[in-house]
Amino acid sequence: MRPTRSAAAAAVLLLGAAALSGCSAGGSSGADSGELTFITDKTWDFDTFSAESKKDIDVSLATTAYADQEAFQAFVKQSFRTNKSPGLFTWHTGGQLEELVAEDLVAPTTDIWTKAVENGDVAESVRDLYTVDGEQYCTPISVDDWVMYYDKRTFEEYGLTAPTTWEEMMTVSDTLVDNGVTPFWNAGGNPWAFVWFQILAAGTDLDLYTGLTTGEVDWTDPEVVDVMNIWLDMKEKGYFTDPGSKVAAETQMKDQEVAMIPFGTWYASTLTTVGLESGTDWGVFPIPNVNPDQETTPVAIETAPACTAENSPQKDLGLEYAEWWMSSEAQTAWSEQEGNLPYNPNAEASTEEFQAIGAEFADPSYEFYLRWYEAAPAPILTASLDQFTGFMTNPGDPTPYLEGIQQVADEYWAGN
């Protein structure tokens, strides 16, 4: 599987390099026009959103989207070695952003952030996610809380209600299994193999989860082994979809094959693409604590950065667009189009589901933490995705998989 994906990535990289170098000197790069080159790994409808920016700031997006994560990252990194690097591209915060900053590949956005925080357009805590060595880089397209999406049709059919505790969620799962419905979506590979480890580890002990991101906790720690065994037990009970399935999670929910999907609030727009409507076909609830004695309920957050390459001929245009994306006008338009929860408090959520969950998450009984994909150092992230995928496809004693991650972690922390 991996050689095939790597070969595909290499092929796209070669094509991308040709495209980047093939523009003649007389060709238009968009540097002096209102069309901004935008490279993304997201499935959102940027073409429609581009009409809003054209209307507000007279800048539109010329979007190229990549479905394969390896191909996307290869293309973006290749572009930095040319004079055709994008004016705007999506990326990830955490270790992956730090890698680009260390090589001076990303334009700083400190002035934009200072203004936005002073205007009340974004929380200080969000700025922290974009801060590397005291400076800010990139700006957020979205800041999304992780919730559990559930199929209201299936729940109604079997007389179920949204659970508020882990015990209740396991009881719901047993009922679903008894009726031939898989309770939870679960996937292997890059990028989603981390999802259930994240839920189980943070829901058991948030300090344990955090310690794995800082090197203060070993992967072979008995508590981590216990987390993996909970995962194994859930799998053995038939709670999860096939991690190797090529059928998208939203399609499985549309066909009522799976009842619950853990994802960020950005996923609402993806459900819409298969005809599932908020409030009618699906709802959301906070993911409960595995450990009921944990004082707060942890909520994973992720953010989708829009970054500008430092050497891009469209640098100024890219930064202008990035700043506009943080405005209440842009965030309201984005929420109306994508159905997610806007991070700008002066913007309005477009769905009642997210208005309600946004109000609930304002309660201090919830504590926010950074999603594993951004929180983990890059080498440890890669190792964990590989080992989690192995664990899901060949379930059993988790120790060898954890030892595999620990070996990489030891090497990483020894040099950092």
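This is a short dialogue on reading the overall fold, one helix, a cavity and a pocket in a predicted model.

Student: Where do I start? How many helices and strands does the protein have?

Tutor: Start with the secondary structure. This predicted model has 19 helices and 11 strands. The radius of gyration is 21 Å, close to the 22 Å that the globule rule gives for 416 residues, so the protein is as compact as a globular protein of that length.

Student: What does the C-alpha trace span along its principal axes?

Tutor: About 65 × 45 × 40 Å.

Student: How do I read contacts along the chain? What share comes from residues 24 or more positions apart?

Tutor: Take the contacts with a separation of 6 or more. Of these, 76% join residues 24 or more positions apart.

Student: And burial? What percentage of the residues count as buried?

Tutor: Buried means under 20% relative accessible area. By that cut-off, 54% of the 416 residues are buried. The accessible surface comes to about 17,400 Å². Carbon and sulfur atoms hold 48% of that surface.

Student: Why is helix α9 described as largely enclosed?

Tutor: Count its buried residues. Helix α9 covers residues 195-204, and 10 of the 10 are buried, so the rest of the structure largely encloses it. Among them are Trp196, Phe197, Gln198 and Gly203.

Student: Now the empty space. How many cavities of 30 Å³ or more does a search of the whole structure find?

Tutor: One. The volume of the largest cavity is about 100 Å³. Its lining has 13 residues, and Ile287, Pro298, Val299, Ala300 and Tyr369 lie nearest the centre.

Student: Which elements give two or more residues to that lining?

Tutor: Helix α9, the one we just met, and β10 (297-307). Strand β10 gives the largest share, four residues. By class, the cavity lining has 10 nonpolar, three polar and no charged residues.

Student: How do I read a pocket? How much space lies in the second largest one?

Tutor: Ask for volume, then lining, then chemistry. The second largest pocket holds about 490 Å³ of space. It is lined by 22 residues. Nearest its centre lie Asp145, Leu341, Pro342, Tyr343 and Phe368.

Student: Which element supplies the largest share of this pocket's lining?

Tutor: Helix α16, with five residues. At least two residues each come from α6 (124-129), β6 (139-151) and α16 (352-361).

Student: What classes do the lining residues of the second largest pocket fall into?

Tutor: They divide into 17 nonpolar, four polar and one charged.

Technical notes
Residues are numbered from 1 along each chain as its sequence is written. This is a predicted model: local features need pLDDT of at least 70, side-chain atom pairs count only at pLDDT 80 or more; totals for chains, interfaces and linings use all residues. Side-chain values use heavy atoms; hydrogens and water are left out. On a 1 Å grid over the protein atoms alone, a cavity is a set of points where a 1.4 Å probe fits but cannot get out, and a pocket is an open set with protein on both sides within 12 Å along at least five of seven lines; lining residues have an atom within 4 Å of a point. Grid points are joined across faces, edges and corners, and a volume is the space filled by probe spheres set on the points. Ala, Val, Leu, Ile, Met, Phe, Trp, Tyr, Cys and Pro count as nonpolar, Asp, Glu, Lys and Arg as charged, and the others, Gly among them, as polar. The radius of gyration is taken over C-alpha atoms; the globule rule is 2.2 Å times the number of residues to the power 0.38. Buried means under 20% relative accessible area, exposed over 50%, partly exposed in between (1.4 Å probe, protein chains only). Contact means heavy atoms within 4.5 Å. Accessible areas come from the Shrake-Rupley method with a 1.4 Å probe; for residues, only the protein chains shown count as cover.
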